[in-house]
Amino acid sequence: MVAKIFSITPGSAVGSITGIVVGDATLDGKCGSLKELTGNPGTEIEDTRIGEATTQTLSCNFAFAAGGATSIQALTFDGTTAVSVTAGTLTLSGYLTHWEVKAVKDDWWVGSCTVVKEGV
Amino acid sequence: MATDRVFGIGSGGCTAITGIVIGEATITGDIGEVKKLTGNPFTTIVETRMLTPMVRKMTITGAYESHSLNQALLGTEVTLTVGSDTTNLAMSGVAGPSDAIALKGICTEWSVKVSKGDWAVASITVEKKGA
């Protein structure tokens with residue numbers, strides 16, 4: 001039996017923030033709106049095209065070293081600037097839509113971020 | 001030697017809550033509304049503009065000694081800060097790594113919760129729009 005993919009490889013990064021330990025990451029791909037041509041009679045789909053652009057989204061949660069929270073808080077949004085995120089074997093370069101830092105009294109701080117790439 | 005990661009909570013709080021023992025704190029940043037121009041063919045994005053500004057929010061929650069959370073505080077500017085716990089020894093054998101989250105913004109909500117047989121808990125949220 002071929003071994004299945006397991007866990008997360010080292011070497012992850014969010015932009016210039018390295019030395020992170022990724023807890024989980026999710027890469028999603030979605031087609032935009034679909035344009036469908038119904039045939040005659042109108043009970044079947046004759047043809048399908050992608051309408052609005054496809055969207056890929058990568059979100060990840062991670063522990064980080066000193067200065068990580070400061071770096072995350074410095075991230076700004078312009079809707080275009082590409083931020084490269086690598087979470088194990090998942091990678092996506094897209095614009096930033098969300099970041100988060102959570103501090104808990106008796107646990108590691110957790111940073112989160114989401115980048116989106118639209119179109120091809 | 002492994003890299004030391006940021007852990008726990010050290011000092012921090014806000015002036016409206018005295019003697020707070022912060023249990024957890026979260027800061028978020030979110031992109032504002034984005035307007036996209038699709039190209040030809042329209043499976044690509046030609047240009048993107050921001051319509052509404054980015055929004056940052058921060059919330060702290062914890063036990064406390066006293067507070068001045070009242071109606072007058074809502075809508076005013078409050079600063080929240082939380083630093084990491086640097087007193088615990090990290091894997092390297094030295095003090096834990098230092099980092100902090102902070103936001104000076106408009107107080108949008110607060111809450112005080114009392115429970116029988118448990119510590120009372122206060123929470124405050126501030127919000128800042130734009131860079």
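This dialogue works through several features of a predicted two-chain model, from the interface to single residues.

Biologist: What should I keep in mind about numbering and confidence before reading this model?

Modeller: Residues are numbered from 1 along each chain as its sequence is written, while chains are lettered from A and ligands numbered from 1 in the order in which they are written. This is a predicted model, in which local features need pLDDT of at least 70, side-chain atom pairs count only at pLDDT 80 or more, and totals for chains, interfaces and linings use all residues, and side-chain values use heavy atoms, with hydrogens and water left out.

Biologist: How many residues of chain A are in contact with chain B, and what is the area buried between them?

Modeller: The size of an interface is often given as the accessible area lost when the parts come together. Here 40 residues of chain A are in contact with 36 residues of chain B, where contact means heavy atoms within 4.5 Å. The area buried between chain A and chain B is about 3000 Å², with carbon and sulfur atoms giving 61% of that area; buried area is the accessible area (1.4 Å probe) that two parts lose on being put together, summed over both. Of the area that chain A buries against chain B, A:Phe77, A:Lys105 and A:Trp109 supply 21%, more than any other three residues.

Biologist: Which elements of chain A supply the side that touches chain B, and what is its make-up by class?

Modeller: As for polar contacts, the rule finds 19 residue pairs across the interface, both residues at pLDDT 80 or more; such a contact is a pair of N or O atoms within 3.5 Å, and within protein one must be able to donate a hydrogen and the other to accept it, while residues adjacent in sequence count only if both atoms are side-chain atoms. Helix H1 (68-73) and strand S7 (90-104) of chain A each supply at least two residues of the side that touches chain B, and the largest share, 10 residues, comes from S7(A). Helices (H or I, at least four residues) and strands (E, at least two) are DSSP runs, numbered from the N terminus. By class, this side of chain A has 20 nonpolar, 12 polar and eight charged residues, with Ala, Val, Leu, Ile, Met, Phe, Trp, Tyr, Cys and Pro counted as nonpolar, Asp, Glu, Lys and Arg as charged, and the others, Gly among them, as polar.

Biologist: Which strand of chain B is joined to S7(A), and how many bridges are there?

Modeller: Two strands pair if DSSP finds at least two bridges between them. Seven bridges join S7(A) to strand S3 (residues 21-30) of chain B, and the two strands run antiparallel. Within S3(B), B:Ile27 is the bridge partner of A:Val101.

Biologist: How many salt bridges does the rule find across the interface, and how many over all chains?

Modeller: Side chains of opposite charge can pair when their charged atoms come close. The rule asks for a side-chain nitrogen of Lys or Arg within 4 Å of a carboxyl oxygen of Asp or Glu; it finds two salt bridges across the interface and seven over all chains. A:Glu118 and B:Lys36 meet in one at 2.6 Å, N to O. Another is formed by B:Glu24 with A:Lys102, whose closest N and O atoms are 3.8 Å apart; B:Glu24 lies in strand S3 of chain B and A:Lys102 in strand S7 of chain A, so the pair joins two chains. Within chain B, B:Glu47 forms a salt bridge with B:Arg49, the closest N and O atoms being 2.4 Å apart, and salt bridges that share partners join B:Lys57, B:Glu127 and B:Lys129 into one network.

Biologist: Is B:Cys107 buried or exposed, and which residues is it in contact with?

Modeller: Buried means under 20% relative accessible area, exposed over 50%, and partly exposed in between (1.4 Å probe, protein chains only). B:Cys107, in strand S9 (residues 100-113) of chain B, is buried at 2%. Leaving aside neighbours within four places in sequence, its contacts include B:Leu73, B:Val78 and B:Ile124.

Biologist: Which backbone features deserve a second look, and where do they lie?

Modeller: Most residues other than glycine have a negative phi, and most peptide bonds are trans. A cis peptide bond, with omega about -5°, joins A:Asn40 and A:Pro41, and A:Pro41 lies in the loop between strand S3 (34-38) and strand S4 (45-50) of chain A. A:Ser7 has a positive phi of about 60° although it is not a glycine; A:Ser7 is found in the segment before strand S1 (13-14) of chain A and is exposed, at 57% relative accessibility.
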